[in-house]
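Hello,

Here is the structure I promised to pass on to you. Please have a look at it first, and then read my notes below.

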Number of protein chains: 2
Amino acid sequence: MGRTSHVREKLLEVAFQMIWDHSYGGVSVDQICARADVNKGSFYHYFGSKAELVVAAYEEHWNQRRPELDRLFSAQVPPLERLTKWCESTYERQKEKARKYGHVCGCPYGSIGGEIATQDDRIRAKAEELIARGMKYVETAIAEAQRDRSLPSGDAKRLAEQVYSYVLGAMLRARIENDVEVLRNLAPTVMAIIGARNPAVATA
Amino acid sequence: MGRTSHVREKLLEVAFQMIWDHSYGGVSVDQICARADVNKGSFYHYFGSKAELVVAAYEEHWNQRRPELDRLFSAQVPPLERLTKWCESTYERQKEKARKYGHVCGCPYGSIGGEIATQDDRIRAKAEELIARGMKYVETAIAEAQRDRSLPSGDAKRLAEQVYSYVLGAMLRARIENDVEVLRNLAPTVMAIIGARNPAVATA
DNA sequence: AAATTATTTGACCGACCGGTCAAGCTCATC
DNA sequence: GATGAGCTTGACCGGTCGGTCAAATAATTT
């Protein structure tokens with residue numbers, strides 16, 4: 001096939017989905033290989049270890065996810081509306097995932113990060129990095145809203161961290177409670193955190 | 001020794017600490033037994049499985065933690081002050097844990113819940129239950145603050161869920177980023193979420 | 001003190017873990 | 001069409017996993 005074998009890509013995709021669905025420790029290399037229809041020897045031709053595969057898989061997932069985030073946080077959209085749309089898309093995305101997999105999966109970066117934070121520093125650092133990239137979108141939107149006076153001035157970076165903490169926590173709760181409805185109305189709380197005067201109006 | 005052998009209690013304590021420090025999948029029954037200085041056969045005399053031990057260990061941890069929560073949320077303390085003190089104690093507790101274990105450990109219930117939510121329903125349900133118990137303290141404080149007009153009226157249960165989501169998310173971030181400072185100023189954001197007029201004053 | 005029960009011991013189990021490897025196959029290049 | 005690099009194959013490795021068990025021992029009841 002092509003220069004970059006589809007085998008490698010298949011492993012990245014399958015590994016990410018299986019680990020998101022279950023957990024890092026709960027998914028074995030054998031299972032990943034079986035699902036990807038790849039021999040174990042091939043696996044270790046492309047990746048030096050399970051951890052290395054996982055780091056690559058999460059980076060790859062980010063790359064596939066990025067266009068959607070760029071669209072949601074497009075400069076074409078008023079900054080506060082970016083945030084509400086992001087909240088809504090989070091809910092919708094989790095709802096579809098839950099329908100397809102039979103249970104709520106939560107934030108993939110948060111889940112794997114929390115699981116192996118104290119055990120594998122490369123995976124920990126990758127999770128931290130991906131979360132920071134997501135926070136950057138939120139920070140930029142907040143800073144812009146402050147500049148155009150739709151928000152009172154404040155430390156946009158700190159506010160973005162708080163917003164992201166809230167959303168991460170809600171995703172974790174949704175996973176643990178296996179209830180996607182936990183994520184149904186994230187936006188008003190996000191607005192309260194960043195100090196928007198009238199949460200209800202911000203969506204309009 | 002006593003009727004309830006200290007062996008059982010030692011296993012509960014050791015298992016909880018090791019799993020909080022690492023993860024469910026990252027700690028083996030053999031390791032727990034070694035650390036508790038107990039033979040594997042004894043382990044399976046007291047507990048039917050690793051999962052059963054863990055459920056009991058988390059319940060036991062709650063029981064040990066409860067007096068401290070009762071104290072923090074004592075009716076003797078004004079309701080909003082309960083929340084700020086709870087935030088501060090969360091920070092202090094994590095800081096000490098981090099000092100002792102060499103890294104930030106985050107919320108034990110959130111960590112194990114997120115890890116095995118989709119793999120073992122008994123552990124998942126226990127994590128959900130313990131989180132719900134914690135939320136109840138927050139809900140009660142919010143409801144009381146609303147009653148005595150230090151907060152505008154609102155759905156105390158929903159607000160408590162939002163507060164708890166935020167704190168859970170911050171604990172998760174602190175674990176992933178291995179930085180306890182993430183948890184340093186939880187209270188102002190909590191105040192913003194529940195609609196306290198002047199976050200800065202609420203501590204006084 | 002005999003009988004019964006609770007607890008401890010450590011060897012043992014098959015399954016599975018992450019990872020290795022030598023041998024073959026495929027295919028572009030010369 | 002020979003060469004050699006890239007890729008695939010599947011058997012194989014030692015170690016560890018959660019869990020079992022029969023026999024020994026300690027504690028309790030009769």
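A polar backbone atom of B:Gly41 lies 3.5 Å from a base oxygen of DNA strand C. That pair counts as a polar contact, which within protein has extra conditions but in general is a pair of N or O atoms within 3.5 Å; within protein, one atom must be able to donate a hydrogen and the other to accept it, and residues adjacent in sequence count only if both atoms are side-chain atoms.

Before going further, a word on the source: this is a predicted model, where local features need pLDDT of at least 70 and side-chain atom pairs count only at pLDDT 80 or more, while totals for chains, interfaces and linings use all residues. Residues are numbered from 1 along each chain as its sequence is written, chains are lettered from A and ligands numbered from 1 in the order in which they are written, and side-chain values use heavy atoms, with hydrogens and water left out.

Back to DNA strand C. Its phosphate oxygens also have partners: one is 3.1 Å from a polar side-chain atom of A:Ser28, and one is 3.4 Å from a side-chain N or O atom of A:Asp30. In total, 17 residues surround this strand, and the closest are A:Val29, A:Lys40, A:Lys50, B:Asn39 and B:Ser42. Of the strand C atoms that come within 4 Å of the protein, 64% belong to sugar and phosphate. (A residue is near a strand if one of its heavy atoms lies within 4 Å of it.)

Which helix gives the largest share of the surface near DNA strand C? It is H3(B), with four residues. Helices here are DSSP runs of H or I with at least four residues, numbered from the N terminus. By type, the residues of this surface are five nonpolar, eight polar and four charged; Ala, Val, Leu, Ile, Met, Phe, Trp, Tyr, Cys and Pro count as nonpolar, Asp, Glu, Lys and Arg as charged, and the others, Gly among them, as polar.

Now for DNA strand D. Here 17 residues surround the strand, with A:Asn39, A:Ser42, B:Val29, B:Lys40 and B:Lys50 the closest. H3(A) gives the most to this surface, with four residues. A:Gly41 has a polar backbone atom 3.4 Å from a base oxygen of strand D. A side-chain N or O atom of B:Lys40 is 2.8 Å from a base nitrogen, and one of A:Tyr46 is 3.0 Å from a phosphate oxygen.

Enjoy exploring!

Terms used
Helices (H or I, at least four residues) and strands (E, at least two) are DSSP runs, numbered from the N terminus.
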